[in-house]
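These are my notebook entries on a structure I was asked to look through. I went from contacts inside a chain to contacts between chains, and I record what I looked up at each step.

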Protein chains: 2
Amino acid sequence: MSEVHAARRSQLRDRCAAAGEAAVLVSRPANIRYLAGAAPAGAALLLGPGGPAGPVGDVLLCPRPPSGDLAEGQVAGDLRVRVLPAGTADAAAAAAGLAASAGAELLAVEEHDLSVTRHRALGAAAPHVRLTDLSRAVEQQRLVKDEEEIACLRIAAEIADQALGELLESILVGRTERHLALELERRLVDHGADGPAFPTSVGTGPNSGVPGHPPSDRRVEEGDFLSVCLGADYRGYHCELGRTFVIGTSPARWQIELYEVVFAAQRAGREALAPTVEYHAVDRAARQVLEAAGHGGGLPRRTGHGVGLEIHEDPELSPTAMGKLDACVPVTVGPGVHLPGRGGVRIDDTLVVRPEADGGPELLTITTKELLAL
Amino acid sequence: MSEVHAARRSQLRDRCAAAGEAAVLVSRPANIRYLAGAAPAGAALLLGPGGPAGPVGDVLLCPRPPSGDLAEGQVAGDLRVRVLPAGTADAAAAAAGLAASAGAELLAVEEHDLSVTRHRALGAAAPHVRLTDLSRAVEQQRLVKDEEEIACLRIAAEIADQALGELLESILVGRTERHLALELERRLVDHGADGPAFPTSVGTGPNSGVPGHPPSDRRVEEGDFLSVCLGADYRGYHCELGRTFVIGTSPARWQIELYEVVFAAQRAGREALAPTVEYHAVDRAARQVLEAAGHGGGLPRRTGHGVGLEIHEDPELSPTAMGKLDACVPVTVGPGVHLPGRGGVRIDDTLVVRPEADGGPELLTITTKELLAL
């Protein structure tokens, strides 16, 4: 994998060189992981002036000896790992000092990640270096995934499907939202996840359909809607799977109607996914189905979002989002409706945008979207 | 509780007024929770110019309607909750705009929390307002806890003690670190925790004694050291409890010796806790016991840290930490030694600093520190 990371760093260097920025300092953990293969706590990644063969090269500065795949002094795909002396306050400031001592004149830093206080410390550590804004260049580069990244997402989705499938075979009535969430998280890990991708949400009865509802002590009752949203983190890649069920033998009329509306909205969103489609058009496709059914008030501000090394990353599928989808961009499509006091429905999938010629969007989370009565 | 939060805001206002700063914008979630009683995602807290009776007063700006204890338009202890229009990018920038429209000339912001990008957006939203640095004023104010906060920590510690106690009664040999960690987290929630205070660490055999070791698939074996570090989050307050055990009937000689050294170091650290004692002196008390026994190399950079609304907060108990303990400051004391390839010992308690006249440090985590053979 180290050649993959070296190639990513080289692409970032090229992009920055074109902007006149000779050295780059990456501080955001997910971006460091993308470019270096690992992000030890508190680390900073410096792409020094003069390229990989320059006086500094590519260096990962770590406050403590890293564990796992990285070792001090290791050279992997031109990346050196350097452990800072004990007491070094900030690896990013140390990296700026290193860039300065290597003769860098310009250093691009992540202004959206660095606090004002840390940015000031960087300036003090490298007083003759002009700091510029790298902006979200690495996030941009992370947008389109390679097939190895998509393979990790596929496994993450498979794990989430398995965990949910097993839960559905057990008795649910009488159990609390908290216990169902904990059991799902245990099953994710049992099936090989490094952990949950985000705190598992379980909502029953009036809590169903609330996005991100934190599990409470409410117990599952006959006649409830039960909505579940979970995801696995597999080798750093995060997926999302949301489903809603009915508890008992026959759903009520309002439950069937609400489910059908959300199902239609989610399908419309999924079917809108294609390269060159605008982000807001995907949101629109799902949202207008809900609006037409009279559920336009109080909808969540977005229908979905990108996933990868973070559970929420670009693109955002919302009414105001600017930009167009590309092939190999994984996103969630998860509209929902919540009726205060009664409950609601949310259906959420992780998919990869693919061109029509490749069969259209690839569905990663394959748990059925029929309205199951459990 | 709302009077408590109003009093905290009033104390912060007084402190800022003394520094000539009429309006204050708090963006760090734990600080917002401390001052407002809740910190909805993405919220910002503005203490407007002119005090609570000024044109703006104290306002919590939320990107979405808050759930739980807060409701839109609610006035609790002079705090108003305002939900921002959909599409507002940043509550902090909206708060800066509000301060500007209310005639604020100076606005103190948390430069250690705001990214350079967000800080710039604040400046653009309030072009005629001069932004100053609030610095860590709220963190400072959070250092000494009131008795209600300590009561929450006491319950959090009790929950952690219960969860660990139950685990020790079960069969451990053959179970993986991952499963033990998940079971501990389930038991924390069973006993009333809102969740784990931090990811539970379980280390067996060669992994024992590694600070923050992420649980792996290694199974507990006869003769292993087993080290566990867990904590409960109870109403936002976080505790930490670490213990090390031996698996099997009789510990090896080296295990007894290592345990005794760490035990002595931890006791020395605990006994050093008193008002007016320097932070680094507590670290020194524990560290010198380990050094004298020949374990000075590769020690963690700190012996303990403050706990409260965050699991790691001020003070830091480390060789370079500046400052003196106060009464009613809760801290952890958790030294440890890890011998590469063999394993190690860590013993970690949460305590509250109390004066000698009140009986000295109050131990919150009361699980035995005898070397148990399980």
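**Entry 1. Criterion and model.** For the salt bridges below I take a side-chain nitrogen of Lys or Arg within 4 Å of a carboxyl oxygen of Asp or Glu. I note at the outset that the model is predicted.

**Entry 2. The two chains.** I began with the interface of chain A and chain B, where the rule finds 2 salt bridges. I looked up the one between B:Glu111 and A:Arg120, whose side chains meet at 2.2 Å, N to O. That distance falls under the 4 Å cut-off. I also found 12 residue pairs in polar contact across this interface, both residues of each pair being at pLDDT 80 or more. On the side of chain A that touches chain B, helix 4 (116-125) and helix 7 (177-190) of chain A each supply at least two residues. Helix 7 of chain A gives the most to that side, with 6 residues. I sorted the residues of that side of chain A by class and obtained 5 nonpolar, 5 polar and 10 charged.

How many residues does the contact take from chain A and from chain B? I count 20 residues from chain A and 20 residues from chain B. The area buried between the two chains is about 1,600 Å², and carbon and sulfur atoms give 54% of it.

**Entry 3. Domains of chain A.** I then turned to chain A, which is divided into domain 1 (2-142) and domain 2 (147-363). Taken over C-alpha atoms, the centres of these two domains of chain A are separated by 35 Å. I find 9 residues of domain 1 of chain A in contact with 9 residues of domain 2 of chain A. Between them the two domains of chain A bury about 700 Å², with 36% of it on carbon and sulfur atoms.

For the interface of domain 1 and domain 2 of chain A, the rule finds 5 salt bridges. The count of residue pairs in polar contact between these domains of chain A is 4, both residues being at pLDDT 80 or more. I asked next which elements of domain 1 of chain A give two or more residues to the side that touches domain 2. They are helix 1 (2-18), helix 2 (29-36) and helix 5 (137-142) of chain A. Helix 2 of chain A gives the most to this side, with 3 residues. By class, the residues of this side of domain 1 of chain A divide into 3 nonpolar, no polar and 6 charged.

**Entry 4. A:Glu310 and its partners.** Over all chains, the rule gives 64 salt bridges. I followed A:Glu310, which forms a salt bridge with A:Arg28, the closest N and O atoms being 2.7 Å apart. A:Glu310 lies in the loop between strand 14 (304-306) and strand 15 (313-317) of chain A, and A:Arg28 in the loop between strand 1 (23-26) and helix 2 of chain A, so the pair ties together parts that are 282 residues apart in sequence. Are these two residues buried or exposed? Both A:Glu310 and A:Arg28 are buried. A:Glu310 also forms a salt bridge with A:Arg142, the closest N and O atoms being 2.9 Å apart.

**Entry 5. A partly exposed pair.** I looked up A:Glu316 and A:Arg301, whose side chains meet in a salt bridge at 3.2 Å, N to O. This pair links distant parts of the chain, with A:Glu316 in strand 15 of chain A and A:Arg301 in the loop between helix 9 (279-292) and strand 14 of chain A, 15 residues apart. A:Glu316 counts as partly exposed at 28% relative accessibility, and A:Arg301 counts as partly exposed at 41%.

**Entry 6. A buried pair in chain B.** In chain B, I noted that the side chains of B:Asp349 and B:Arg270 meet in a salt bridge at 3.8 Å, N to O. B:Asp349 is in strand 19 (residues 349-352) of chain B and B:Arg270 in helix 8 (residues 253-272) of chain B, 79 residues apart, and the pair links distant parts of the chain. Why do I call B:Asp349 buried? B:Asp349 counts as buried because its relative accessibility is 0%, under the 20% limit. B:Arg270 counts as buried at 15% relative accessibility.

**Entry 7. B:Tyr259.** Helix 8 of chain B also holds B:Tyr259, which counts as buried at 4% relative accessibility. Leaving aside neighbours within four places in sequence, I list its contacts as B:Thr244, B:Val345, B:Ile347, B:Lys369, B:Glu370 and B:Leu371.

Conventions: Residues are numbered from 1 along each chain as its sequence is written. Chains are lettered from A and ligands numbered from 1 in the order in which they are written. This is a predicted model: local features need pLDDT of at least 70, side-chain atom pairs count only at pLDDT 80 or more; totals for chains, interfaces and linings use all residues. Side-chain values use heavy atoms; hydrogens and water are left out. Domain bounds come from an automatic or database domain assignment. Contact means heavy atoms within 4.5 Å. Buried area is the accessible area (1.4 Å probe) that two parts lose on being put together, summed over both. A polar contact is a pair of N or O atoms within 3.5 Å; within protein, one must be able to donate a hydrogen and the other to accept it, and residues adjacent in sequence count only if both atoms are side-chain atoms. Helices (H or I, at least four residues) and strands (E, at least two) are DSSP runs, numbered from the N terminus. Ala, Val, Leu, Ile, Met, Phe, Trp, Tyr, Cys and Pro count as nonpolar, Asp, Glu, Lys and Arg as charged, and the others, Gly among them, as polar. Buried means under 20% relative accessible area, exposed over 50%, partly exposed in between (1.4 Å probe, protein chains only).
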